[in-house]
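User: Could you take a close look at one part of this model for me? I'd like to hear how its strands fit together.

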Amino acid sequence: MKHAFLFCALLFSYFSHSQNSIQSEALPKIGTINGTVIDQSLKQPIPYATVAIKSDDSVIQGGITEEDGGFKLTNISAGKHILEVQFIGYQTYQKNITISTENYKVNLGTIALVENVTELEGVSVVAERSTIEQKIDRKVINVGKDLTTQGASASDIMNNLPSINVDQQTGALSMRGNSNVRVMVDGKLSNVPVEQLLKQIPSTSIKQIELITNPSAKYNPEGMSGIINIILHKNANIGFNGNLSVGLAYEDQAKFNSALDLNYRNGKLNLYGSYGNNISKYTNDGRIERFDDPASTGFNENQVQLLDFLNNRKSHLYKLGVDYFINEKNTFSVFTNQNLYDGKFNGQTDIINMDPSVSDTRQVFTQNNNNHNEQYNVVYKRDFEKDGHNIELEVDYSNFENEEDADFRFMGTSVQPDYLDFVDTRRQQTIANLDYVNPLSENSKLELGLEYRTFETNVDYSSTGLSYNEQGNLIPTPDTDFVYGMDIYSAYATFGQNFDKWSYQLGARMEDVGVAADTNNVRSFTDDYLEIYPSAFVTYSPSEKNQFQMSFSRRVDRPGLGQVNPIREWSTPKISSYGNEELLPQFTNSYEINYTRRLNNGSLTFGMYYRTIEDEINQVLNVDRLDLTKQILTYGNFDNTNAYGFEVSSNYKPLSWWNINASVDMYTQTQRGLTELLNPSDNDPSVDDIITEEVEVDNVAFNARLNNNFTITKKLSLSLFGFYRGENESLQLTTKPMYFVNTGARYSFADGKGSFSLNFNDVFNTMKFGLEGERPYRQNGTFNWESRTIYAGITYRFGDGKNRKVNRKNRDDNTKESSGGFL
């Protein structure tokens with residue numbers, strides 16, 4: 001049915017275009033119209049806006065704007081026409097055009113589109129609500145101040161975004177059901193581990209979030225499921241101005257965040273700075289029931305684990321930068337990001353045995369994390385005489401240092417002695433890239449680039465605990481020094497052209513990669529490979545209301561630090577996680593097709609994707625040879641597999657006072673892994689008594705989101721947001737469906753410069769994490785966290801002036817940092 005719909009839409013568009021062509025065939029096609037489309041208030045280019053030439057209410061020519069907002073329409077028939085420019089969220093622009101032999105080249109210059117927002121006593125209220133824009137290669141979520149973006153940190157709002165899920169237990173991020181996703185901040189690599197990074201960025205500091213599911217060759221090829229780019233606020237208005245936001249959420253513990261953006265623009269200098277913080281406490285508790293079957297495991301350990309956790313996090317994010325406009329053709333920019341984090345974690349696990357002859361035990365775990373991430377970025381850009389012709393040199397350096405102290409204490413009958421762990425981690429990364437853009441003609445563009453990237457992580461581990469040696473004797477745990485480094489040399493080229501209703505872009509990126517790992521100053525692993533990553537995009541716009549887009553890209557998932565680090569990443573009384581130094585990268589071929597239908601009051605986007613995965617990285621679950629009641633979780637490479645799914649999203653305004661954003665996604669993927677079981681006939685820990693089996697799981701998952709915004713008066717609006725996540729099956733566990741409903745209100749004051757928000761999240765207290773599984777043993781459980789919160793926030797902006805923000809390209813991402821946990 002879906003294929004029939006697409007076919008009919010194409011067929012209808014074809015016949016409509018054919019009829020219009022016949023009617024205009026008698027007139028000479030001599031006209032050319034060009035111009036640039038920008039946002040009137042922000043003075044920024046608007047890419048992918050629809051430009052159409054109409055005659056007698058029929059579209060005779062059309063296209064879309066480029067990344068720089070420019071467009072050019074050729075072969076236009078002589079006569080009187082209407083030029084129409086449309087883009088979601090903006091008022092339609094129309095202008096009468098006459099093409100004749102005396103006036104056949106029409107340059108419209110700059111066309112400024114006006115946002116379709118409510119006017120409050122002469123002051124435009126911008127970005128009060130979150131909106132979703134579907135562009136050629138990405139979804140752009142313009143973060144507003146409604147309840148979908150209310151929370152202490154970026155991690156708290158990610159579940160509200162299409163195709164994105166965050167595991168509330170581990171903080172692990174996934175896109176389209178896959179955790180191999182890269183995260184950027186302002187288009188730049190962050191050295192902070194992803195799970196920690198999302199918890200450190202205040203939600204009030206976020207302006208936009210871009211979801212790039214099939215990046216072009218211009219981007220680094222890392223991330224099987226794509227790239228998430230978090231864009232922070234940067235003010236660039238003339239004069240002195242800024243924004244201030246504060247918020248407080250509460251259920252069991254208080255969660256406070258605030259953000260301040262300041263800017264001063266005068267003459268050739270633009271100075272800007274921002275500060276955001278997140279000071280929060282989170283409680284989390286759970287219950288896991290384990291049912292061992294002696295016939296299959298050789299042990300009888302029916303038991304209940306009760307878990308009680310408290311997180312206390314304090315993060316401070318600083319940004320300071322300057323743009324210097326040397327002249328109209330040369331710009332020099334520099335900025336720094338500084339991120340300070342102090343995290344304290346207290347956890348208690350009680351193991352209650354169902355067998356009264358076995359005593360209960362308790363593990364108390366305390367962890368302190370202190371880290372500092374510093375980033376320095378320098379850019380020089382040179383514009384040439386031709387519009388859009390430029391070269392840009394960028395150097396980016398970041399340094400991340402983290403100190404982790406962990407205290408493990410055991411009570412009851414446990415034979416495990418108390419011990420302390422000390423882990424010091426340092427990550428350094430330098431990226432230097434040179435990008436060149438040349439519009440070869442009015443309809444074609446060439447992009448070339450070179451990049452050098454060096455990345456090194458050093459992890460020092462020491463412990464006061466005891467470990468078993470190969471002979472089975474207890475010895476003091478040896479210190480470990482693990483160094484993992486990578487050097488990448490890459491070059492890319494892309495070429496694109498526009499032909500009336502068609503456009504395409506072809507590209508390829510070549511990378512030479514060298515990987516080396518040292519354990520205690522001994523080379524433990526090396527890998528060198530040369531790989532080419534092609535990409536292709538084709539867009540067809542039969543009319544101003546219909547757009548089809550197909551794309552292909554090849555991508556890579558290099559093993560993350562948590563997947564290769566031989567030092568224990570985390571531990572529970574029954575399972576520990578270690579990396580595999582010999583893990584190889586996995587490669588992905590990604591295919592995608594999207595259809596966008598622009599409606600009178602919104603838009604509808606339908607997309608399908610298919611991925612083939614080579615040398616898949618997945619989990620391996622081994623029996624601990626030194627304690628047969630425990631298991632070790634690590635990683636390995638497996639055979640090729642595939643994944644596919646579809647997404648539907650819509651932005652619609654059925655009534656003048658009611659706006660809807662909705663999305664549905666479903667995906668299916670096959671996961672493979674290895675698990676070891678003990679032969680119950682003999683519990684001697686020899687190789688012959690360990691049974692290894694390969695596990696294969698076919699998982700089908702479904703997610704839905706619905707956000708409603710209601711305008712009650714010019715100053716008061718209400719919001720209602722619903723989320724549903726279907727059942728998910730992994731190699732170890734099946735997580736049960738869960739959902740929540742959020743509601744809230746927002747009131748504007750001070751002539752629209754300020755707003756007050758009050759939200760009630762998880763109204764029905766339904767956001768619980770339920771699990772059940774058969775591997776490594778039969779178990780079920782639930783986890784609860786502070787989801788039913790009340791949030792109050794206030795924002796105020798001051799200063800005004802025309803915006804002349806410097807356009808800086810979005811650079812890409814980082815190596816995956818952590819494996820994410822075992823739930």
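**The strands around β45**

Analyst: Let's start with β45, bearing in mind that this is a predicted model. β45 pairs with strand β48 (residues 790-798), and the two run antiparallel with 7 bridges between them. To find your place in that pairing, look for Ser 757, which sits opposite Gly 793 in β48.

β45 also pairs with strand β44. Here β44 covers residues 738-749 and β45 covers residues 754-760, and they are antiparallel too, joined by 7 bridges. A handy landmark in this pairing is Ala 745, whose bridge partner is Leu 758 in β45. β44 and β45 make a hairpin, with 4 residues between the strands. Check the turn while you're there: Ala 750 has a positive phi of about 55°.

For another bit of strand pairing, scroll back to β1, β4 and β7. They make up an open sheet of 3 strands, ordered β4-β1-β7, and the pairing is mixed. β4 (70-77) and β7 (105-113) are the edge strands, each pairing on one side only. On average, neighbouring strands in this sheet are turned by 20° against each other, ignoring direction. Strand β1 (residues 29-39) runs antiparallel to β4, with 6 bridges joining them. Within that pair, Gly 35 faces Phe 71 of β4.

One last stop, this time for charge: Glu 403, Asp 405, Asp 424, Asp 460 and Asp 479 form a negative surface patch. Of these, Glu 403 lies in strand β23, which spans residues 390-412.

How values were computed:
Residues are numbered from 1 along each chain as its sequence is written. This is a predicted model: local features need pLDDT of at least 70, side-chain atom pairs count only at pLDDT 80 or more; totals for chains, interfaces and linings use all residues. Side-chain values use heavy atoms; hydrogens and water are left out. Patches are made of residues with over 30% relative accessible area and no salt bridge: like charges are joined within 9 Å, nonpolar side chains (Val, Leu, Ile, Met, Phe, Trp, Tyr) within 5 Å. Accessible areas come from the Shrake-Rupley method with a 1.4 Å probe; for residues, only the protein chains shown count as cover. A salt bridge is a side-chain nitrogen of Lys or Arg within 4 Å of a carboxyl oxygen of Asp or Glu. Lys and Arg count as positive and Asp and Glu as negative; His and the chain ends are not counted. The place of a charge is taken as NZ of Lys, CZ of Arg, CG of Asp or CD of Glu. Two strands pair if DSSP finds at least two bridges between them. Axes are lines fitted to C-alpha atoms, for helices over the stretch in contact, and angles run from 0 to 180 degrees between N-to-C directions.
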